[in-house]
Protein chains: 2
Amino acid sequence: MQAWTEYQNENKERFLSELLDLLRIPSVSAKSEHKDDMMTCAEFVKKSLLDAGCDSAEICETAGHPIVYGEKIVDPSLPTILTYGHYDVQPADPMELWDSGPFDPVIKDGRIYARGACDDKGQVYMHVKALETMVKTGNLACNVKYIIEGEEEVGSTHLAPFLEENVEKLKADVVLVSDTSMISMDDPSIETGLRGLAYMEVEVTGPNRDLHSGVYGGAVANPITILCQMIASLHDENNHITVEGFYDKVAELTEAERTDLNKAPFDVEEYKKELGISDVWGEKGYTSLERTGIRPTLELNGIWGGYIQEGAKTVLPSQAFAKISMRLVPDQVSKEIEELFTKHFEKLAPEGITVKVTPHHGGEPAVTPTDGKAYQAAAKAIETTFGKAPIPTRGGGSIPIISLFEKTLGLKTVLMGFGLDNDNIHSPNEKYDVANYYKGIETIPHFHKNFAE
Amino acid sequence: MQAWTEYQNENKERFLSELLDLLRIPSVSAKSEHKDDMMTCAEFVKKSLLDAGCDSAEICETAGHPIVYGEKIVDPSLPTILTYGHYDVQPADPMELWDSGPFDPVIKDGRIYARGACDDKGQVYMHVKALETMVKTGNLACNVKYIIEGEEEVGSTHLAPFLEENVEKLKADVVLVSDTSMISMDDPSIETGLRGLAYMEVEVTGPNRDLHSGVYGGAVANPITILCQMIASLHDENNHITVEGFYDKVAELTEAERTDLNKAPFDVEEYKKELGISDVWGEKGYTSLERTGIRPTLELNGIWGGYIQEGAKTVLPSQAFAKISMRLVPDQVSKEIEELFTKHFEKLAPEGITVKVTPHHGGEPAVTPTDGKAYQAAAKAIETTFGKAPIPTRGGGSIPIISLFEKTLGLKTVLMGFGLDNDNIHSPNEKYDVANYYKGIETIPHFHKNFAE
């Protein structure tokens with residue numbers, strides 16, 4: 001153990017500069033113009049796995065962006081850890097709100113600013129450098145396998161067939177993922193549940209062309225107005241979601257479970273101040289922690305229609321659009337919610353308006369057990385490096401692949417994430433604290449050691 | 001009269017090709033990138049007025065886009081007609097919906113397709129060619145003055161000071177405007193009323209930055225959702241506008257006036273078919289003609305917020321925006337409505353959300369008398385060239401300068417427009433029928449002759 005701490009200290013600067021190189025590749029999976037960048041990024045990840053000590057690494061083509069797979073088998077009788085991460089990132093816009101280029105990483109006040117710094121390149125690269133440490137210092141106590149995919153931000157569409165086709169090759173004892181956050185460096189935590197996702201795009205069409213709002217306004221239904229009315233009706237006055245059947249399968253927590261959940265440190269005044277809002281919002285009858293942890297939600301991610309540029313244009317547009325996503329909790333099922341939403345939304349349209357609802361990607365909610373060997377190994381690793389046992393929390397985000405690993409490979413997952421909630425993932429000025437990056441590299445080998453014991 | 005018909009027949013093709021040259025200039029007043037094009041267009045108009053026979057023409061600089069002024073004084077004892085029009089056009093987007101370039105005019109099936117073909121370059125140029133006809137054939141029976149401005153589509157901001165500074169120079173007996181439409185070539189009509197306008201931009205702000213909708217969604221008010229709720233509440237279930245005090249000054253028409261108004265030919269089935277909608281929409285208790293003619297309206301002209309590109313992004317945006325315009329009827333006052341709207345909209349915002357409301361341009365509603373000499377001269381001119389007396393109608397659009405001419409110069413206006421409602425003004429594939437263009441050139445000299453008598 002002494003040896004690996006020393007090795008990491010000696011190589012700290014290189015570990016950081018290599019990550020910056022990775023962050024310079026604009027691997028935006030949602031935009032077709034970045035297709036070549038995705039391949040460049042996959043090549044980078046493959047090479048870094050080989051350099052770190054993998055016996056083999058390969059780029060696995062899919063119908064979408066490629067998956068990078070690498071492995072090092074020390075001894076077939078040892079346990080095997082399958083680490084999952086993703087090299088693709090969210091789009092960077094709105095670009096004008098970045099203080100520095102999203103793909104031109106800078107380090108300021110001990111933080112790495114770049115798209116993907118935390119989600120998930122920074123966290124993926126911790127595993128690569130942890131592997132290097134273990135291999136170079138002769139401390140690799142398990143067999144290791146790595147799946148670093150390129151479509152997490154667009155729904156992991158081609159991961160399921162990849163898993164199904166490679167069940168034998170991917171045999172392991174646990175899945176380890178660093179793609180979540182902890183409360184703070186002072187209050188380390190491990191997420192034990194993640195929400196599922198149903199992401200819909202809606203298109204509302206009125207007249208067959210854009211009209212002059214003076215000549216036709218008032219006599220023809222305006223698709224923007226109608227879309228707003230439809231969206232407004234999706235929450236009632238208590239901010240419950242009105243989609244018929246939406247809550248039917250929601251697992252209610254016991255009072256005891258809710259009490260436990262609300263023990264996590266949370267300062268509503270600090271929260272409001274940090275977000276610049278004068279009040280919080282949400283479903284009546286639940287705390288902020290519950291609203292993001294155990295309750296399903298429906299959020300507007302985008303809306304557009306009509307004239308949206310400088311100045312004024314008196315148009316009554318033909319169409320209006322919105323992107324709407326729902327976070328799901330156990331035991332909601334993504335496909336079922338997509339269908340309930342579609343049916344409900346179509347029914348909301350008045351005469352004279354046609355509606356088209358298209359699902360984007362979805363994913364199932366997941367709860368990870370806290371009493372198994374893997375969670376214990378993670379908790380002990382964190383206690384060793386942070387000096388404090390981690391708090392189990394419920395995360396609001398979604399990593400749909402977790403239920404996929406369980407279904408396809410029969411594996412449980414441990415979510416050992418080192419991000420912070422204020423890392424601005426999916427936002428301008430995404431960052432990752434240098435200290436968290438190093439702490440992750442330091443903690444991961446402990447997990448391997450603990451898990452092997 | 002024989003002489004001018006002959007002259008026009010001989011010069012038909014040139015009249016058309018000159019208009020196409022004018023349409024090739026992308027004089028979009030709303031976009032700063034077209035500043036130079038605006039000047040090019042003003043120069044074109046000035047030269048065309050001089051070529052047509054004006055004694056003088058000048059480009060009058062304003063704090064915005066320039067105004068072109070021209071005149072020809074035949075005899076100070078004769079009546080003077082002040083013709084008003086505009087050389088600026090609406091933005092052309094969405095560009096992808098045009099079948100040919102908006103500034104690359106084509107003639108197809110007897111129609112001129114180009115941005116500004118009808119609104120208002122085509123109609124302005126009818127006056128230029130009518131002047132040429134009258135001058136060249138020795139038939140100019142009145143003094144003529146021309147104001148062709150470059151800011152009609154952005155609120156005519158700098159026209160008021162121009163009028164005020166030039167009251168003496170602009171002395172006239174009537175204002176003649178061709179910037180409206182008629183029912184059809186078989187049912188010629190003259191608009192006798194136009195609605196006013198209040199055009200607002202609203203900005204709704206929640207958290208101080210874009211957030212991850214999984215991590216924060218459900219616990220923080222989403223500006224898009226809130227904006228939709230606010231917009232949805234602007235109409236009640238009868239499609240009445242809910243802005244407090246909005247209807248207070250609306251002049252109600254008598255039953256007799258409403259009956260008259262509804263005599264205009266209007267086939268609702270044809271209307272629905274032409275627009276591709278299965279039903280009409282609007283304020284309960286009023287017909288479609290009333291909804292666009294005598295009732296005030298509130299329309300969404302644009303909305304945007306969050307992620308609006310290809311694919312999916314799970315963002316809870318910091319802000320959402322909308323452009324909202326209201327058409328006003330006598331005796332509503334634009335400034336007052338702006339204030340009522342602002343007050344009402346600000347009050348709609350829940351805790352945790354801040355709202356900013358900014359007015360764009362506005363304008364007052366106007367009604368033109370049908371019993372005066374000018375209207376009679378126009379009606380007689382149309383009867384001569386169309387073989388049928390025109391129907392007086394109420395137009396839904398706004399030409400705010402009409403009340404301005406009355407207030408500043410004490411002049412009544414005649415709205416002798418030759419467009420058609422299906423000319424797609426403000427929309428992709430704007431067109432103007434070649435036949436309407438020639439009919440206008442033929443009719444305008446009759447107006448001058450009648451008015452001089």
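The dialogue below covers the domains of chain A and its contact with chain B in a predicted model.

Trainee: What makes domain 1 and domain 2 of chain A separate units?
Mentor: The bounds come from an automatic or database domain assignment. Domain 1 takes 2-194 + 366-452, and domain 2 takes 196-250 + 296-363. Their C-alpha centres lie 35 Å apart.

Trainee: How do you know which residues of domain 1 of chain A are in contact with domain 2 of chain A?
Mentor: The C-beta atoms of two residues must lie within 7 Å, so that cut-off decides. By it, 7 residues of domain 1 meet 8 residues of domain 2. The domain 1 side has 3 nonpolar, 4 polar and no charged residues.

Trainee: How many residues does each chain bring to the contact of chain A with chain B?
Mentor: Chain A gives 80 residues and chain B gives 80 residues. On chain A, β12 (297-306) supplies the largest share, 9 residues. Other elements with at least two residues there include α5 (223-232), α8 (288-293) and β14 (319-328). By class, that side of chain A has 30 nonpolar, 35 polar and 15 charged residues.

Trainee: Why are β12(A) and β12 of chain B called paired?
Mentor: Pairing requires at least two bridges between the strands. Here 5 bridges join β12(A) to β12 (residues 297-306) of chain B. The count meets the cut-off, so the strands pair. They run antiparallel.

Trainee: Which residue stands opposite Gly302(A)?
Mentor: Gly306(B), in β12(B).

Note on methods
Residues are numbered from 1 along each chain as its sequence is written. Chains are lettered from A and ligands numbered from 1 in the order in which they are written. This is a predicted model: local features need pLDDT of at least 70, side-chain atom pairs count only at pLDDT 80 or more; totals for chains, interfaces and linings use all residues. Ala, Val, Leu, Ile, Met, Phe, Trp, Tyr, Cys and Pro count as nonpolar, Asp, Glu, Lys and Arg as charged, and the others, Gly among them, as polar. Helices (H or I, at least four residues) and strands (E, at least two) are DSSP runs, numbered from the N terminus.
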